[in-house]
Amino acid sequence: MTTTAFARKQRQLTVPFVLLAFVLYTALFIVPTCYSIYASFTNWNGIDEPTWVGFMNYLRLAQDPVFHRAFLNTVCITIGAGALLFVLSFVMLLVIREMRLARFIRAALFLPHLVSTIVLAIFWGFLFRFDGLVNTFLGALGIPPVAWMGPDTAFLFILLGLIWIHLGYYVTILMAGVDAIPVNYYEAALLDGAGPWQRFRNVTLPLAWDVVGVAAVLWTISSVKIFEFILAFSGTQGALPHVNQWNTALFVYGKTLGGGAAAFQFGYASAGAVVTLVFVAVLVVLLRRVMRRDTIEF
């Protein structure tokens, strides 16, 4: 088969696969997203015919303190926990690279990401329950138990748990970018008398910047979809946790299938989902603009 004939055959095979991917993407993502946007302008219980209400759901969101708290918690997870996660990832990366057991430590850090999120959430909740492992240890030292998982403090431990789960994953991503940097750049920096911080600032970070940008976008998108960890961490055995622990994903679930009088508000929940979608889209665009730079080849 000649090169031209092979290229023609390849193009003929490419078209149906691309078309199939486009159809699946449209059916599973574009259509549900468009319908959710439409539903956000309706009063719909998920069963009866939707009733058009215009921007009433969005006006209601603007006055709903539960949504305000859920949205603030989402921002804290995405930006606050994300910033701390990346700082810790770089610290762990730099420490691990200087150790002999680097591969073993990296695998140990990555292990929580391989375990079911539900299992990790239950374990994390068991640590900080009033009768959990931490208070048992404190009791052995003669220290009275602490209500770690109170309505006003539990969300802090949710943030810490999420960082613990995802730390190894992002260390692995960033380390892959750092390992691709040629050694001669570091050797040149050492000859110039650069210290560890100067090597990190002038060599590691600039040359791994594209990987950092991709990892930041991945975290931004995945952070707003966090749901099962918060639900399982509360230890309420299927019931919704206190609203102070909600993010927008849990808000949408609570207003649709969460049970009770507040459930089956599919139109109102869709409005919350659309606001979250806009938040993620704006944040991703800002990240791409802030982290944009000329391509460095090495």
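Leaving aside neighbours within four places in sequence, phenylalanine 229 is in contact with Thr117, Leu120, Ala121, Trp124, Ile158, Gly161, Leu162 and Ile165. Phe229 also belongs to the largest nonpolar core of this predicted model. That core has 58 residues, and Phe229 is listed with Ile77, Trp219 and Phe233 as having the most contacts inside it. Helix α7, spanning residues 154-179, supplies the largest share of the core, namely 14 residues. A second core, separate from this one, consists of six residues, including Val224, Val280, Leu283 and Val284.

**Overall architecture and confidence**

The chain comprises 13 helices and two strands. Its C-alpha atoms fill a box of roughly 75 × 70 × 35 Å along the principal axes. Of its 298 residues, 36% count as buried. Among contacts with a separation of 6 or more, 66% are between residues 24 or more positions apart.

The mean pLDDT of the chain is 87, and 94% of the residues reach 70 or more. Confidence is highest in helix α2 (residues 56-62), with a mean of 96, and lowest in helix α4 (residues 102-114), with a mean of 79. As a general caution, predicted coordinates should not be read in detail where pLDDT is low.

**The segment around Ser40 and Thr42**

Where does serine 40 lie? Serine 40 is placed in the loop that runs between α1 (3-39) and β1 (42-43). Its relative accessibility is 0%, so serine 40 counts as buried. With residues up to four places away in sequence left out, serine 40 touches Gly54, Asn57, Tyr58, Gly267, Ser270, Ala271 and Val274.

Threonine 42 is found in strand β1. Threonine 42 counts as buried because its relative accessibility is 1%, under the 20% limit. With the same sequence neighbours excluded, the residues touched by threonine 42 are Pro50, Thr51, Trp52, Val53, Asn57 and Gly267. Asn57 and Gly267 therefore appear in the contact lists of both serine 40 and threonine 42, where contact means heavy atoms within 4.5 Å. A polar atom of the threonine 42 side chain lies 2.7 Å from the backbone oxygen of alanine 39.

**Charged pairs and cysteines**

How many salt bridges does a search of the whole structure find? The search finds one. It joins aspartate 131 and arginine 129, with the closest N and O atoms 3.2 Å apart. Aspartate 131 has a relative accessibility of 55% and therefore counts as exposed. Arginine 129, at 37%, counts as partly exposed.

The structure holds zero disulfides. Cysteine 34 has a relative accessibility of 47% and so counts as partly exposed. Cysteine 76 is likewise partly exposed, with a relative accessible area of 29%.

The accessibility values of the residues discussed are collected below.

| Residue | Relative accessibility | Class |
|---|---|---|
| Serine 40 | 0% | buried |
| Threonine 42 | 1% | buried |
| Cysteine 76 | 29% | partly exposed |
| Arginine 129 | 37% | partly exposed |
| Cysteine 34 | 47% | partly exposed |
| Aspartate 131 | 55% | exposed |

Methods: Residues numbered from 1 in each chain as written. Predicted model: local features only at pLDDT ≥ 70, side-chain atom pairs only at ≥ 80, totals over all residues. Heavy atoms only, no water. Helix = DSSP H or I, 4+ residues; strand = E, 2+ residues; numbered from the N terminus. Buried < 20%, exposed > 50% of the residue type's maximum accessible area, 1.4 Å probe, protein only. Salt bridge = Lys/Arg side-chain N within 4 Å of Asp/Glu carboxyl O. pLDDT = per-residue confidence, 0-100. Polar contact = N/O pair within 3.5 Å; in protein donor to acceptor, adjacent residues only side chain to side chain. Core = buried A, V, L, I, M, F, W, Y, C linked by side-chain atoms within 4.5 Å. Disulfide = S-S within 2.5 Å.
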